[in-house]
Amino acid sequence: MTDVIEFPALKEAQEKLDAKNKELFAVLDEAGPQYDMKLVKSLEGDTQAKVEWIRARNAEIDEIGREVEGLRQVAKAAGRRRAAGGAEKGSEPDSRKGDRRGEPGHTEVPASFGELFVKSAAYTGRQGQNGPEASLDIDLKTLMQTSAGWLPETNRTGRIVDFATRPVQLLDYIPTTTTAQAAIVYMEETTFTNSAAETAEAGTFPESALALTEQSSPVRKISTFIPVTDEQLEDVAQVQGYIDNRLRFMLRQRLDGQLLVGNGTAPNLRGLNNVVGTQTQAKGSDPTPDAFYKAMTKIRVTGQAIPDLHVMHPNDWMDIRLLRTADGVYIWGNPSEAGPERLWGLPVAQVQAQTENTGLTLDTTFVELSIRRGVTVQVSNSHSTYFVEGKQAVRADMRAAFVPYRPVAICTVTGI
């Protein structure tokens, strides 16, 4: 886990964000589940004026939220520098890319008889209703056309339209490190008894207590392979690069889902939805944004952490984006605007692997994806009978561990 170094600018920005969030939350709470702006007495003006105030305050919260994220990245980088003692990390080798073929050149050829005729005065000089017209005084025995002549040449553009499948949606939000071990083993402070108190001269010191428990998250492997013939690899230059890239995507897509819904039973990773000891916030009769704000508060108070990410299904985010006041005014921006993909100043990761009607709020500082070995692509004909069949097996795999260091820094929002 990466330490976050606190400094005054980060603390000041975070306090400012918290204050603005509380101010906006109070107004939305005053409006009630139906967002009836007539109930809002803390603001002056009609419904439109009050909604404009909400939008302006939300835009201000987004701006401050981005500032906080930037400062936290700086603090995390400083923490990594301090933890690593200034050592540089290696980088994974670049992925192989397929070769691209050049386009054929253009060769000048003499004009044909037909082309000369079209340019001739006999043709261009005689105008019909729809343009020049003329005829050749030739008895055509066979019509020259594509079915009795040359078929027109066609070249593929080289573009490949990928299959419509779920993109990688969560992976980039999770802090990533590397490991050389078969498991991530760490110590968790499971007892913290603070008996510190004022003590009179010659008085007995009050006794405190600390206890640590070893925890472990094993490295798991994700793998796949594709069979391909020798001829396909030899005759089409871009095949190897194409297969390499798609296999890498397949592994990343699977890993992306495991970080969220993996059940923890070998060989699965344990994803965020199945971590033991997380907090829960039910939506109940609250508006959905209120439920996420209450989840943020639980993470702060009980989890003693700072939430920095919401996760929800795109359909659930759609319901939030389309929220309107009781008299039909959109709260998060007009339909003509893209609108923010942020809630209470935090980014929203729209993840299709997430169960609908259930969201997450978390502090990503307390989760970590640790890569034991990055994606490796290998080719061999030793698989089964492939050698005598002229086939190759292109396989790819990777090994990684996912560690939720502080479960109470994660809160599940239900019933949204």
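A residue is called buried when its relative accessible area is under 20%, exposed when over 50%, and partly exposed in between (1.4 Å probe, protein chains only). The structure is a predicted model, in which local features need pLDDT of at least 70 and side-chain atom pairs count only at pLDDT 80 or more, while totals for chains, interfaces and linings use all residues. Residues are numbered from 1 along each chain as its sequence is written, and side-chain values use heavy atoms, leaving out hydrogens and water.

**Exercise 1. Describe the protein chain as a whole.**

Step 1. Helices (H or I, at least four residues) and strands (E, at least two) are DSSP runs numbered from the N terminus. The protein chain has nine helices and 14 strands.

Step 2. The chain holds 416 residues, and 37% of them count as buried.

Step 3. A contact means heavy atoms within 4.5 Å. Of the contacts between residues at least 6 apart in sequence, 75% join residues at least 24 apart.

**Exercise 2. Check the span of helix α1 against its number of residues.**

Step 1. The expected span of a helix is 1.5 Å times one less than its number of residues. Helix α1 covers residues 8-31, which is 24 residues, so it should span 34 Å.

Step 2. The end C-alpha atoms of α1 are 35 Å apart, which agrees.

Step 3. Buried residues of α1 include L10, L17, L24 and L28. Just after this helix, G32 takes a positive phi of about 85 degrees.

**Exercise 3. Locate the backbone features at P267, W344 and N357.**

Step 1. Most residues other than glycine have a negative phi, and most peptide bonds are trans.

Step 2. The peptide bond from A266 to P267 is cis, with omega near 10 degrees. P267 belongs to the loop between α6 (239-261) and β7 (279-282).

Step 3. W344 has a positive phi near 55 degrees and lies in the loop between β9 (342-343) and β10 (346-350). Its relative accessible area is 0%, so W344 is buried.

Step 4. N357 has a positive phi near 70 degrees and is found in the loop between β10 and β11 (358-362). With a relative accessible area of 39%, N357 is partly exposed.

**Exercise 4. Trace the sheet and the helix that packs on it.**

Step 1. Two strands pair if DSSP finds at least two bridges between them. Six strands form an open sheet with mixed pairing, in the order β7-β14-β11-β8-β10-β9. Its edge strands, β7 and β9, each pair on one side only.

Step 2. β9 and β10 run antiparallel and are joined by two bridges. L343 stands opposite L346 in β10.

Step 3. Helix α8 (residues 314-321) packs on the sheet and touches β8 (309-312), β9, β10 and β11.

**Exercise 5. Identify the nonpolar cores.**

Step 1. A nonpolar core is a set of buried Ala, Val, Leu, Ile, Met, Phe, Trp, Tyr and Cys residues joined through side-chain atoms within 4.5 Å.

Step 2. The largest core has 42 residues, and among those touching the most other members are F292, M312, I320, L343 and W344. Elements giving two or more residues to this core include α2 (47-84), α7 (288-301) and β14 (410-414). Helix α1 gives the most, with eight residues.

Step 3. Not counting residues up to four places away in sequence, F292 touches, among others, H310, M312, L343, W344 and V413.

Step 4. A second, separate core of 30 residues includes L255, L269, L272 and V394.

Technical notes:
Axes are lines fitted to C-alpha atoms, for helices over the stretch in contact, and angles run from 0 to 180 degrees between N-to-C directions.
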